Amino acid sequence: MSAETNPLSKYFRKPTIYVQIPTGGRFNPEIDKTILDEIPVLPMNAIDEISMQNPDELLNGEALINLIKSCVPSIPNPRELCNIDAELLYLAIKYATYGKNIQHLHTCTECKEQAEYNIDINKILDRFPDIQAVDPVEYEDLKIHIHPPKVESLTRLALIDVEQHRILNSMKETAEGGDEMEMAKQFAISFRKVSTQTISLLISSISQIETPDAIVTNEKEIGEFINNIPTGIIKEIDEKIAKLSKKPEGLTTFEFICEKCQHPDAVTFELNPVNFS
Ligand SMILES: [Zn+2]
């Protein structure tokens with residue numbers, strides 16, 4: 001039975017807030033231009049809420065993609081969204097579902113007193129930057145066009161982080177064991193994995209490369225190009241992508257003042273749903 005003919009359909013969830021995304025949709029031509037000023041956000045349904053509690057789905061990024069599909073149906077393909085837009089939508093969905101306040105239990109670093117604090121989601125939403133398009137990186141007669149990292153990269157970034165922690169831990173362990181050969185080997189293996197992921201993240205942030213007589217969008221061809229150019233130009237592309245995706249400092253930092261001893265603590269939250277609860 002479709003929603004139109006179901007006599008209960010008028011009771012179905014409705015958008016509770018409307019938001020704009022940081023990039024204004026400029027890197028996502030597939031999004032309908034007419035909704036960009038007021039993107040409707042629905043509250044979570046029961047399935048969404050349960051999925052957000054499944055750690056496996058959270059870690060592989062599928063939970064966020066499915067959540068946006070369900071609660072922001074006007075976005076045709078959440079996978080293609082820029083990371084920063086998805087992060088804002090995630091907060092907006094929490095707002096639409098639970099209201100503007102997030103409760104946070106904080107322990108004072110000074111006197112260890114525990115207390116519940118309110119975080120106003122509006123404050124975080126207001127701190128998001130406007131992301132403008134950037135000039136392409138020029139290399140000989142080529143123009144390399146880039147965009148902020150997309151949702152798919154979010155998971156890859158998280159994996160790189162996990163990998164880097166793993167390197168550090170295993171290096172520590174091996175150093176304690178005193179086996180230098182093993183340590184060097186471990187490091188080389190892990191380092192290679194991390195650099196491969198960093199490069200693939202960079203490739204996925206290139207939308208197209210303009211040559212004097214063609215436009216290349218094929219990811220495999222772009223990958224071969226990246227693997228065969230001097231490292232200096234890679235660094236330039238990398239820096240430009242980093243600048244594009246940089247969030248303002250303090251975006252998710254809040255100060256909690258202890259009621260007991262008046263000590264102020266600055267606490268920074270992760271926007272990634274894996275950690276942000
Ligand atoms: Zn205190």
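# A walk through the predicted model

Start with helix 4, residues 83–98: 14 of its 16 residues are buried, so the rest of the structure largely encloses this helix. Keep in mind as you click around that you are looking at a predicted model. Now put a distance between the end C-alpha atoms of helix 4: they are 23 Å apart, in agreement with the 22 Å that 16 residues should span at 1.5 Å a residue. While the helix is selected, remember that an α-helix has 3.6 residues a turn, so residues three or four places apart point the same way.

**Just before helix 4**

Step back to Pro 76, in the loop that links helix 3 (62–71) to helix 4 (83–98). Is Pro 76 buried or exposed? Pro 76 counts as exposed, because 12 other C-beta atoms lie within 10 Å and the exposed class takes in 12 or fewer. Which residues does Pro 76 touch, once its neighbours within four places in sequence are set aside? Select Glu 30 and Ile 31: both are in contact with Pro 76. Ile 31 sits 45 residues away from Pro 76 along the chain, yet their C-alpha atoms are separated by 6.5 Å.

**Just after helix 4**

Go to the other end of the helix and pick Gly 99, which follows helix 4 and has a positive phi, near 95°.

Next, select strand 3 (residues 101–107) together with strand 4 (residues 114–120). The two run antiparallel and are joined by 7 bridges. For one of these pairings, click Asn 101 and look across to Asp 120, its bridge partner in strand 4.

Then follow the chain round the hairpin, where 6 residues lie between the strands. Stop at Lys 112 in this loop. Its phi is positive, about 65°, although Lys 112 is not a glycine. That deserves a second look, since most residues other than glycine have a negative phi. Lys 112 is also exposed, because it has 10 other C-beta atoms within 10 Å.

**Zooming out to the domains**

Colour the chain by domain: domain 1 covers 9–129 + 249–268, domain 2 covers 133–147 + 205–246, and domain 3 covers 149–196. How far apart are the centres of domain 2 and domain 3? Taken over C-alpha atoms, they are separated by 27 Å.

**The open sheet**

Now show strands 5, 6, 7 and 8, which form an open sheet in the order 5-6-7-8 with antiparallel pairing. Strand 5 and strand 8 (214–216) are the edges; each has a single partner strand, so one side of each is left without a neighbour in the sheet. Look along the sheet and you will see it twist, by an average of 20° from one strand to the next.

Then add helix 9 (residues 231–244), which packs on the sheet and touches strand 5 and strand 6. The direction of helix 9 makes about 30° with that of strand 6.

Zoom in on the strand 5 and strand 6 pair, antiparallel and joined by 3 bridges. Tyr 139 is a handy place to click, with Leu 142 as its bridge partner in strand 6.

Last stop: Glu 140, in the loop between strand 5 (137–139) and strand 6 (142–146). What is the sign of phi at Glu 140? Positive, at about 50°, although Glu 140 is not a glycine. Glu 140 is exposed too, because 8 other C-beta atoms are within 10 Å.

Notes. Residues are numbered from 1 along each chain as its sequence is written. This is a predicted model: local features need pLDDT of at least 70, side-chain atom pairs count only at pLDDT 80 or more; totals for chains, interfaces and linings use all residues. Helices (H or I, at least four residues) and strands (E, at least two) are DSSP runs, numbered from the N terminus. A residue is buried if 20 or more other C-beta atoms lie within 10 Å of its own, exposed if 12 or fewer, and partly exposed in between; C-beta atoms are placed from the backbone. Two residues are in contact if their C-beta atoms, placed from the backbone, lie within 7 Å. Domain bounds come from an automatic or database domain assignment. The expected span of a helix is 1.5 Å times one less than its number of residues. Two strands pair if DSSP finds at least two bridges between them. Axes are lines fitted to C-alpha atoms, for helices over the stretch in contact, and angles run from 0 to 180 degrees between N-to-C directions.
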